[in-house]
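Open the model in a viewer and keep the sequence panel in view. The stops below give a selection and then say what is found there.

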Amino acid sequence: MENLSEKWIEACKTSDLLEGQIKVVKVKDRRIALCHLQGGGIYAVDDLCTHDNGPLDEGELFGTAIECPRHGARFDVRTGKALCLPATLPIQTYPVQIEGDRVKIQIPSSVPLES
Ligand code: FES
């Protein structure tokens with residue numbers, strides 16, 4: 001089986017992710033939410049709220065924050081930091097690289113891809 005850890009994985013085309021949009025890509029068992037901030041900047045985070053596993057991709061972006069649709073926790077997509085209750089733990093973030101018209105993400109070897 002191919003080891004995807006530490007490799008740059010092609011996630012989508014830049015044209016598939018407009019400013020203000022969130023798009024989920026699956027890497028093995030993991031759902032990763034790509035967030036294109038208004039004004040620019042694409043960030044990748046786990047599509048899983050640390051409060052009670054809400055789907056962050058169904059939430060909204062506010063500045064550099066993503067808001068969980070279930071109970072309103074917000075996280076900074078640049079750092080993963082929980083910005084308000086009810087979440088207290090950060091979400092996982094992933095390095096993003098733009099190559100031409102491709103968005104690539106990197107999965108650290110410390111992150112398990114399959115349960
Ligand atoms: S599940 Fe996200 S705030 Fe509760």
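**First stop: strand β3**

Select residues 30-36, strand β3: five of its seven residues are buried, so the strand is largely enclosed by the rest of the structure. Buried means that 20 or more other C-beta atoms lie within 10 Å of the residue's own; with 12 or fewer a residue is exposed, in between it is partly exposed, and the C-beta atoms are placed from the backbone. Strands are DSSP runs of E with at least two residues, helices are runs of H or I with at least four residues, and numbering starts at the N terminus.

This is a predicted model, in which local features need pLDDT of at least 70 and side-chain atom pairs count only at pLDDT 80 or more, while totals for chains, interfaces and linings use all residues. Residues are numbered from 1 along each chain as its sequence is written.

**The neighbours of β3**

Add residues 22-27, strand β2, which runs antiparallel to β3 and is joined to it by six bridges. Two strands count as paired if DSSP finds at least two bridges between them. To check the register, pick Lys 26 and find Arg 31 opposite in β3. The two strands make a hairpin with two residues between them, and Lys 28 in that turn has a positive phi of about 55°.

Now add residues 42-46, strand β4, which is antiparallel to β3 and joined to it by five bridges. Here Ala 33 stands opposite Val 45. β3 and β4 also form a hairpin, with five residues between them, and Gly 39 in the turn has a positive phi of about 90°.

**The sheet β1-β10-β9**

Select strands β1, β10 and β9: they form an open antiparallel sheet of three strands in that order. Its edges are β1 (8-13) and β9 (96-99), each pairing on one side only. From one strand to the next the twist averages 30°, with axes fitted as lines to C-alpha atoms (for helices over the stretch in contact) and angles running from 0 to 180 degrees between N-to-C directions. β1 pairs with β10 (residues 102-106) over five bridges, in the antiparallel sense. One place to look is Trp 8, which faces Gln 106 in β10.

Stay in β1 and pick Ala 11. Ala 11 counts as buried because it has 23 C-beta neighbours inside 10 Å. Which residues is Ala 11 in contact with, leaving aside neighbours within four places in sequence? They are Val 25, Leu 34, Val 103, Lys 104 and Ile 105, where contact means C-beta atoms, placed from the backbone, within 7 Å. Draw a distance from Ala 11 to Ala 44: the C-alpha atoms are 9.9 Å apart, across 33 residues of sequence.

**The sheet β5-β6-β7**

Move to the three strands β5, β6 and β7, an open antiparallel sheet in that order. The edge strands are β5 (60-62) and β7 (74-76), and each pairs on one side only. Three bridges join β5 to β6 (residues 65-67). Select Glu 60 and its bridge partner in β6, Glu 67.

**Zoom out**

Show the whole chain: the protein has ten strands and zero helices. The C-alpha trace spans about 40 × 35 × 20 Å along its principal axes. Colour by burial, and 27% of the 115 residues are buried. Among contacts between residues at least 6 apart in sequence, 41% join residues at least 24 apart.

Note on methods
Contact = placed C-beta atoms within 7 Å.
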